[in-house]
Amino acid sequence: MSKITGGCLCGAVRFESSAEPKMVVACHCSTCQKNTGSAFSMNVAMPEDRVTISGDTLKTYEEQNDAGGLPFYRSFCSNCGSPISGRGPAYPGILFLKAGTFDDPSWIKPTAHMWCAEKQPWVTIDAGVPQFEGAPE
């Protein structure tokens with residue numbers, strides 16, 4: 001795969017990587033729905049140490065779930081509000097880049113769907129694509 005590049009709506013935050021994605025996952029959890037303003041979030045799981053993010057408007061929100069579990073860190077551009085990435089100790093070494101921020105997202109297709117227990121009822125998932133009620137084990 002060639003270099004992956006992308007960034008926020010206003011261009012103040014940019015990222016790049018030449019690593020292969022670990023997976024492409026659609027997350028249907030209610031938090032991702034709020035984070036994206038959509039029915040789900042398309043995420044490209046990358047080796048965290050192989051992604052370079054630049055820009056001085058990147059901010060991070062620490063999310064704590066209601067059950068007192070592990071935190072999840074959501075990064076976004078504080079200028080235009082574009083969500084850029086997510087990471088957390090539940091997914092060691094992985095950085096989830098938001099698919100819509102890629103300069104060329106045409107190749108991105110989910111290899112799995114997670115948190116399908118919270119999926120909107122009108123969303124259909126292709127047969128044969130793995131589905132998980134919560135997070136994959």
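Select His113 to begin the tour of this predicted model: the residue is buried, with a relative accessible area of 8%, and since buried here means under 20%, His113 falls within that class. His113 lies in strand E10, which covers residues 112-114. If you now display its surroundings, leaving aside residues up to four places away in sequence, you will find that His113 touches Val25, Ala26 and His28, and also Ile125, Val129, Pro130, Gln131 and Phe132.

Next, move to Val24, which is found in strand E3, residues 23-27. Val24 also counts as buried, at 5% relative accessibility. Select Ile108 together with Val24 and look at their C-alpha atoms, which are separated by 7.2 Å although the two residues stand 84 residues apart along the chain. Ile108 is one of the residues that Val24 touches, again not counting those up to four places away in sequence, and the others are Met42, Asn43, Val44, Trp107, Lys109, Pro110, Thr111 and Ala112.

From here, turn to a sheet by selecting strands E1, E2 and E5, which form an open sheet of three strands in the order E1-E2-E5, with antiparallel pairing. Strand E1 (4-7) and strand E5 (52-54) are the edge strands of this sheet, each of them pairing on one side only. When you rotate the view to compare the directions of neighbouring strands, bear in mind that they are turned by 15° against each other on average, with direction ignored. Then narrow the selection to E1 and strand E2 (residues 14-17), which pair in the antiparallel sense over four bridges. To see one position in this part of the sheet, pick Ile4 and look across to Ser17 in E2, which stands opposite Ile4.

Finally, show the whole chain, in which there are one helix and 10 strands. Following the sequence in the viewer, you will meet these elements in the pattern β-β-β-α-β-β-β-β-β-β-β. Taken along the principal axes, the C-alpha atoms fill a box of roughly 35 × 35 × 25 Å. How does the radius of gyration of the protein stand beside that of a compact globule with 137 residues? Such a globule would have a radius of gyration near 14 Å, and the protein, with 14 Å, agrees with this.

With the full chain still selected, colour the residues by accessibility: 39% of the 137 residues count as buried. A surface display shows an accessible surface of about 7600 Å², of which 51% belongs to carbon and sulfur atoms. If you turn to contacts between residues at least 6 apart in sequence, 50% of them join residues at least 24 apart.

Definitions and conventions:
Residues are numbered from 1 along each chain as its sequence is written. This is a predicted model: local features need pLDDT of at least 70, side-chain atom pairs count only at pLDDT 80 or more; totals for chains, interfaces and linings use all residues. Side-chain values use heavy atoms; hydrogens and water are left out. Helices (H or I, at least four residues) and strands (E, at least two) are DSSP runs, numbered from the N terminus. Buried means under 20% relative accessible area, exposed over 50%, partly exposed in between (1.4 Å probe, protein chains only). Contact means heavy atoms within 4.5 Å. Two strands pair if DSSP finds at least two bridges between them. Axes are lines fitted to C-alpha atoms, for helices over the stretch in contact, and angles run from 0 to 180 degrees between N-to-C directions. The radius of gyration is taken over C-alpha atoms; the globule rule is 2.2 Å times the number of residues to the power 0.38. Accessible areas come from the Shrake-Rupley method with a 1.4 Å probe; for residues, only the protein chains shown count as cover.
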